[in-house]
Every structure is written in C-alpha cells, then in structure tokens.
Amino acid sequence: MSANLISIEALRTFRASLIQFIEDASSALQSMGMELQKSNEWIEHDRPQYWTIQTRRAFDLVSQTRTAYETCRMRTVAGHRPSCLEEKQAYNAAQRRVRTCQEQMEHVKRWANKLQHETDEFRGRFARLQMMLETELPKAVTRLDRLATILESYAEMDGPPPKSDKS
C-alpha cells in the first residue's frame, strides 16, 4: 500500500485535526449521555410521580363532585327537584379527568419501556464509538506523528546514499 504524500506539513495538519475531532466527538458523546440520562429520569421518575398525584387528585375531585351531585338531587325546592345540571357536568368532567390521568399513566409506562429499549441500543453503539475514540484514534495519532517524524528525518538527509559498484 502506498500514499502520494506531497507535504509533511499536511500530515501534521491532519494529525492536529484528528486530535480536535477526538476531543469534539468525545465531548458530544458525553453531552448525549447526559441528555439521555435526563430523559430517562424524566420519563421513569418524574412523569409517573406527576401522574400518580394527578390521578389521586382526580379521584378526590370525583368524590367531591359526586357528593355535591347527590346532595343536589336529594334537595327539593317547593316540592320540585332541581335539575342539578351544573353538578352533573362537574361530576362527568371529574370522571373524564380520572380516565385521562389513567391513560397518561399507561402512556408513560409504554414510553418508559420504549425509551429503555432505545437507550440500550444507543449505549451499544455509543460504547463502540467511545472505544474507537479512546483507543483506535489515539493510536492513529501516534502513528501519524511517528510517520511525520520519519519523513522529516528522511527529508533532512543530503541525498540518496551512494550506490556501491558491486557488479
């Protein structure tokens, strides 16, 4: 295998660029890891806790509105029962809120499972890239440095060594 190297300086510049790439890529991977951790924390801990509290509040509201609706239905005004339309609407709205909260809890569970799967996939790829950034590319940087040093030594020679006249 051969290379058409025109400039040793270009080799040094490429080496410097490779070092910068390693630093930038490592930083990006670290940022992605932190963002992934934040996302996992949010979906696995924050959201379930939030929807559990909301579900509890929704059940409390159902209890309150049911009591208000039943109280209204038991009243009589001048021998007539009131329609209790507002109380019934509030009770129905509270029941819908409970269903919404329960649906959200199911969504959170489903998304937590999906996120866990995707996180595992990402970490597998992440580990391979990180290993390359930590081992393979630094080796390449070392080889480039060594190659540039050898080429510089070769270029500093006065000329080709004399040929021997052994025929």
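The exercises below, each with a worked solution, go through a predicted model of one chain.

Residues are numbered from 1 along each chain as its sequence is written. Because the model is predicted, local features need pLDDT of at least 70 and side-chain atom pairs count only at pLDDT 80 or more, while totals for chains, interfaces and linings use all residues, and side-chain values use heavy atoms, with hydrogens and water left out.

**Exercise 1. The disulfide**

Find which cysteines a disulfide joins, and state the handedness of the link.

Solution. Begin with the rule, by which a disulfide is a pair of cysteine sulfur atoms within 2.5 Å. Applying this rule gives a count of 1 disulfide, and the pair is Cys72 and Cys84, with an S to S distance of 2.0 Å. Next, locate the partners: Cys72 belongs to helix H1 (residues 8–74), whereas Cys84 sits in the loop between H1 and helix H2 (85–156), so that the pair, 12 residues apart, links distant parts of the chain; helices here are DSSP runs (H or I, at least four residues; strands are E, at least two), numbered from the N terminus. Then take the angle about the S-S bond, which is -95 degrees and makes the link of Cys72 and Cys84 left-handed. Finally, look at the backbone of Cys84, where phi is positive at about 55 degrees although the residue is not a glycine.

**Exercise 2. Burial of the cysteines**

Decide whether Cys72, Cys84 and Cys101 are buried or exposed.

Solution. The cut-offs come first: buried means under 20% relative accessible area, exposed over 50%, and partly exposed in between (1.4 Å probe, protein chains only). Cys72 has a relative accessible area of 3% and is therefore buried. Cys84 likewise counts as buried, its relative accessibility being 3%. For Cys101 the value is 0%, so this residue is buried too.

**Exercise 3. The two helices**

Work out how H1 and H2 are oriented to each other, and what classes of residue make up their contact.

Solution. Start from the axes, which are lines fitted to C-alpha atoms, for helices over the stretch in contact, with angles running from 0 to 180 degrees between N-to-C directions. The axes of H1 and H2 come within 7 Å and cross at roughly 170 degrees. Since angles under 35 degrees count as roughly parallel, over 145 as roughly antiparallel, 65 to 115 as roughly perpendicular and the rest as oblique, H1 and H2 are roughly antiparallel. Sorted by class, their contact has 44 nonpolar, 14 polar and 11 charged residues (nonpolar: Ala, Val, Leu, Ile, Met, Phe, Trp, Tyr, Cys and Pro; charged: Asp, Glu, Lys and Arg; polar: the others, Gly among them).

**Exercise 4. The course of H2**

Compare the reach of H2 with its expected span, and find where H2 bends.

Solution. H2 has 72 residues, and from its first C-alpha to its last it reaches 99 Å, close to the expected 106 Å, the expected span being 1.5 Å times one less than the number of residues. A bend of about 35 degrees is found at Leu133, where the bend is the angle between axes fitted to the seven residues ending there and the seven starting there.

**Exercise 5. Sequence and space**

For Ala25 and Asn113, give the setting of each residue and its C-alpha distance to Leu133 and Ile43, respectively.

Solution. Ala25 lies in helix H1 and, at 14% relative accessibility, counts as buried. Its C-alpha atom is separated by 7.7 Å from that of Leu133, although the two are 108 residues apart along the chain. Asn113 lies in helix H2 and is exposed, with a relative accessible area of 58%. Asn113 and Ile43 are 70 residues apart in sequence, and their C-alpha atoms are 9.6 Å apart in space.
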